[in-house]
Amino acid sequence: MTEAAKDQTDRQLITLLQANARASTAELARKLGIARTTVVARLARLESAGVIVGYTAKLGSEAQDRGVQAFVGVTVQPRAGREVVKKLTSFPELRQLASVSGEFDYMAVLRAESTMRLDALLDEIGEIEGVIKTTSSVVLALRVDRM
């Protein structure tokens, strides 16, 4: 966490927002035991410092259960990363893409409407020029979700 979010109250505020981004400033103030204006000021500071960059809605388990999610390790040829990333970004099923150390060059999180679509996506990714191999793991159950 950055210096802008270094104290315990900021950490508690961020934790509360991660659990419920729609919580009102009054509710947050009550839970933290501080004034509502203090919460507003802290949120403004955390946002301007780039610690908080947005608020989002999480889909319930019914919506999450539709489709299939997979973690896909992608290995690319030297100096092919930029073009591979550009192509991967064009897939609407791509939820996250990170460059990583270790066995893979990139780790992608994909969500497809079916295993058939996931299979087709993996074929399409494997056909991208510069991709050497992909290794996939399908998510069976989400045990902890703090995103």
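**Close-up 1. Packing around the buried side of helix α5 in the predicted model.** The buried residues of α5 pack against four strands, β1 (68–76), β2 (94–99), β3 (106–112) and β4 (131–138), and against helix α6 (115–126). Helix α5 itself spans residues 81–89, and its buried residues are Gly81, Val84 and Leu88. Viewed down the axis of α5, these buried residues lie within an arc of 65°, so they line one face of the helix. Arg82, Lys86 and Thr89 are exposed and sit on the face of α5 turned away from its buried side.

**Close-up 2. The largest nonpolar core.** This core has 20 residues. Those that touch the most other members are Val72, Val84, Leu88, Phe91, Leu110 and Leu118. Two of these names, Val84 and Leu88, also appear among the buried residues of α5. Two or more residues come from each of β1, α5, β3 and α6. Strand β1 gives the most, with five residues. In soluble globular proteins, nonpolar side chains tend to be buried together.

**Close-up 3. Surroundings of Val72.** Leaving aside residues up to four places away in sequence, Val72 touches Tyr106, Met107, Ala108 and Leu110. Val72 also touches Leu122, Thr134, Thr135 and Ser136. Leu110 is, like Val72, one of the residues that touch the most other members of the largest nonpolar core.

**Close-up 4. A second nonpolar core.** This core is separate from the largest one and holds eleven residues. Among them are Leu17, Leu28, Ala29 and Ile52. Leu17 belongs to helix α1 and takes part in the contact of α1 with α3.

**Close-up 5. Helix α1 against helix α3.** Helix α1 covers residues 8–19 and helix α3 covers residues 36–48. Their axes are 11 Å apart, and the helices pack at an angle of about 85°. That angle makes α1 roughly perpendicular to α3. From α1, the contact involves Thr9, Asp10, Leu13, Ile14 and Leu17. These meet Val39, Arg42, Leu43, Arg45 and Leu46 in α3. By class, the contact has six nonpolar, one polar and three charged residues.

**Close-up 6. Arg79 in the loop between β1 and α5.** The phi angle of Arg79 is near 65°, a positive value in a residue other than glycine. Arg79 counts as exposed because its relative accessibility is 84%, and exposed means over 50%.

Conventions: Residues numbered from 1 in each chain as written. Predicted model: local features only at pLDDT ≥ 70, side-chain atom pairs only at ≥ 80, totals over all residues. Heavy atoms only, no water. Axes fitted to C-alpha atoms, helices over the stretch in contact; angles between N-to-C directions. Parallel < 35°, antiparallel > 145°, perpendicular 65-115°, else oblique. Contact = heavy atoms within 4.5 Å. Nonpolar A, V, L, I, M, F, W, Y, C, P; charged D, E, K, R; others polar. Buried < 20%, exposed > 50% of the residue type's maximum accessible area, 1.4 Å probe, protein only. Arc of directions from axis to C-beta. Core = buried A, V, L, I, M, F, W, Y, C linked by side-chain atoms within 4.5 Å.
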